[in-house]
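Hi everyone, thanks for coming. Let's look at one structure together, starting at the surface and then moving on to the aromatic rings.

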Amino acid sequence: MAGIKGVGEGAVDVIISERTTNGPFTDIFDFVERLPLNTVNKKNLESLASAGAFDGFGTYNRAQFFAKLPNEDVTFLESLIRYGNKFQADKNSTQRSLFGDIEGGIEMKKPDIPFVEEFSNIVKLNREKEVIGIFLSAHPLDDYKLEFRSFINTELSKLDDLTLLKGRDVSMGGMV
């Protein structure tokens, strides 16, 4: 995780420590409820979402984190941060209260998840490459496997010895 641009070592240490101590995170709400959001901040969460760190939760797509909530001027990610901060503040005040329900859970409305289409494959991969430095979940040319198999007859490594290619029609594929 420290290799993700915008996610500092302090945030990574806190995430790993919390996961080790209290077990895996069950969903994005559990994630923001358990972590100190002054250490794991908005920039960290944006970078983690762009890199696909929350893909394992399975119920969200990356575009949802950046989508504006209906009738609001905040993104789902910003509302998650507000929710996590409020959850933690209420939890701390309950624990300090003489009459607070220390053992009970805190009931608070979770932010609504916006229903938006997933980013296109190329947008998702470009965002991933921007924060990780490589394409991790797929490659932009994966959509062209059939064309590569059907039309490409030479690999770039064959260009080392051009005498082998003299007089032949050569077709190659790649990405600039």
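Patches are made of residues with over 30% relative accessible area and no salt bridge, with like charges joined within 9 Å and nonpolar side chains (Val, Leu, Ile, Met, Phe, Trp, Tyr) within 5 Å. A salt bridge is a side-chain nitrogen of Lys or Arg within 4 Å of a carboxyl oxygen of Asp or Glu, and accessible areas come from the Shrake-Rupley method with a 1.4 Å probe, where for residues only the protein chains shown count as cover.

Please remember that this is a predicted model: local features need pLDDT of at least 70, side-chain atom pairs count only at pLDDT 80 or more, and totals for chains, interfaces and linings use all residues. Residues are numbered from 1 along each chain as its sequence is written, and side-chain values use heavy atoms, leaving out hydrogens and water.

So, which residues form the nonpolar patch on the surface? They are L156, L159, L162, V170 and M172, with about 430 Å² of accessible area together.

Now the rings. Rings of Phe, Tyr and Trp (its six-membered ring) pair if their centres lie within 6.5 Å; planes under 30 degrees apart count as stacked, over 60 as edge-to-face and the rest as tilted. By this rule there are eleven aromatic pairs. One of them, F29 with Y83, is edge-to-face, at 5.9 Å centre to centre and 85° between the planes.

Y83 is buried at 5% relative accessible area (buried means under 20%, exposed over 50%, partly exposed in between, with a 1.4 Å probe and protein chains only). Y83 also pairs with F87: the centres are 6.1 Å apart and the planes at 40°, so this pair is tilted. F87 is buried too, at 11%.
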